[in-house]
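Trainee: Could you take me through this protein model, one question at a time?

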Amino acid sequence: METQDSVDIEENSLDLLQLINLLWQNWKTVLIICSLSAVFSVFYALSLPNIYQSKAMLVPVDTKASGAGFSASTMLSSIDVTSILSGNMGSTKSNDISIETIQSLSFFTYMQERRDFFPQLLALKEYNLSTNELIYDPEIYDESSSKWVREVRFPKTNPPSIQEAYKTFNDMFDITVDKRTGLVSVIFEHQSPYVAEQMLSWIISDVNNYIRDKEKKVAQESLVYLQGKISTTNISEIRRALALIIQDQINTVMLAEVSDEYAFKVIEEPVVEENKIAPNRALTCVLISIIGGILSVIFVLIRHFFFS
């Protein structure tokens, strides 16, 4: 048994020595492939655009904090107002709704109609940091005429569809919620640090306006409905319950009219970052060089065993 183990160890040692000897005999090939990989890695790393990140910290505002609607709902089981006031009587927290809204396609559509930022997302070729100039790809977008000139195949269109732009937007935008504190972190990444900061500022401002306008409209429609209901009933308990809900809707309208930070309160404003977050060019060069070294060994082995 010991003799067999000794033979196996000797054979393994011999195989390793043969491999080392084979690589030594082909050191020029290995060196050329590794050198080409290293040179390629440098050019490739330098070709990658810098990516900047702008970050903001938000805290959701509970726009449904008032308990009037909930306390009155038990008194109104006999009349159908819950469908109109579902914003107040639903089981889903308004904070969760606000967070889902900021990630929704409908909000993205609303923001695009106000801001028109598709070229910055889909047509940017490079960014000149020294002049703060956005350079668009002329084969995609003609800046002088503000027209999309790219060649596309179905289902893509010119100008780009809202769904195509939304996918690109989601690659640049990220939102995370700290479940312990409830704080919301929003991040936008772009080649231009100024565009990253501007986009994030627009997102925060527009989502507040979007949610405020929607809830104000619902509250105003609810007021019309409730005022009609209260005028047609003589039951004192229902009238008191309706009065509570009416007051709740009036509070919603008043808050919407006076508050700019209706859904999210800004704790930390987005800023123009001075330092890039990507790419890590040194790491890129090292990884490509290592891959080149591995490929050179594989190439030598294949040539030796299959073509010798």
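Mentor: Short questions and short answers follow, on a model that is predicted.

Trainee: Which helix gives the most residues to the largest nonpolar core?
Mentor: Start with the core itself. It has 43 residues, and Ile102, Phe169, Phe173, Val186, Phe188 and Ile203 touch the most other members. One helix, spanning residues 193-230, gives 10 residues, the most to this core. That helix is H9.

Trainee: How many residues are in the other core?
Mentor: It lies apart from the largest core. Ala219, Leu223, Leu226 and Ile230 are among its members. Its count is 9 residues.

Trainee: Which strand is joined to E1 by 7 bridges?
Mentor: E1 covers residues 52-60, and its partner here runs antiparallel to it. As one example of the pairing, Tyr52 stands opposite His190. The partner covers residues 184-190 and is E7.

Trainee: Which residue in E8 is the bridge partner of Met57?
Mentor: E1 also pairs with E8, residues 264-268. The two run antiparallel, joined by 4 bridges. In E8, the partner of Met57 is Glu268.

Trainee: Are H2 and H11 roughly parallel or roughly antiparallel?
Mentor: H2 is residues 27-47 and H11 is residues 281-307. Their axes are 8 Å apart, at an angle of about 150 degrees. Angles over 145 count as roughly antiparallel. The two helices are therefore roughly antiparallel.

Trainee: Is the crossing of H2 and H11 left-handed or right-handed?
Mentor: Look at where they meet. Residues of H2 including Ile33, Ser37 and Phe40 meet residues of H11, including Ile288, Gly292 and Phe299. The crossing is right-handed.

Trainee: Which residues of H8 are buried?
Mentor: H8 runs over residues 162-172. What covers its buried residues includes H6, H7, E6, E7 and H9. The buried residues are Glu164, Ala165, Tyr166, Phe169 and Met172.

Trainee: In which loop does Pro159 lie?
Mentor: First, note its peptide bond. The bond from Asn158 to Pro159 is cis, with omega near -5 degrees. Most peptide bonds are trans. The loop is the one between E5 and H8.

Trainee: What is omega for the peptide bond from Ala278 to Pro279?
Mentor: Pro279 lies in the loop between E8 and H11. The bond from Ala278 is cis. Its omega is near 0 degrees.

Trainee: Does Asn132 count as buried, partly exposed or exposed?
Mentor: Asn132 sits in the loop between E2 and E3. Buried needs under 20% and exposed over 50%. At 38% relative accessibility, Asn132 is therefore partly exposed.

Trainee: What is the phi of Asn132, in the turn of the E2 and E3 hairpin?
Mentor: The hairpin has 4 residues between its strands. E2 and E3 run antiparallel, joined by 4 bridges. Most residues other than glycine have a negative phi. Asn132 is not a glycine, yet its phi is positive, about 55 degrees.

Trainee: Which residues of E3 point to the buried face?
Mentor: In a regular strand the side chains alternate between the two faces of the sheet. Along E3 they do alternate, with Glu133 and Ile135 on the face that is not buried. The buried ones are Leu134 and Tyr136.

How values were computed: Residues are numbered from 1 along each chain as its sequence is written. This is a predicted model: local features need pLDDT of at least 70, side-chain atom pairs count only at pLDDT 80 or more; totals for chains, interfaces and linings use all residues. Side-chain values use heavy atoms; hydrogens and water are left out. A nonpolar core is a set of buried Ala, Val, Leu, Ile, Met, Phe, Trp, Tyr and Cys residues joined through side-chain atoms within 4.5 Å. Buried means under 20% relative accessible area, exposed over 50%, partly exposed in between (1.4 Å probe, protein chains only). Two strands pair if DSSP finds at least two bridges between them. Axes are lines fitted to C-alpha atoms, for helices over the stretch in contact, and angles run from 0 to 180 degrees between N-to-C directions. Angles under 35 degrees count as roughly parallel, over 145 as roughly antiparallel, 65 to 115 as roughly perpendicular and the rest as oblique. A crossing is left-handed if the near helix is turned anticlockwise from the far one by less than a right angle, and right-handed if clockwise. Contact means heavy atoms within 4.5 Å.
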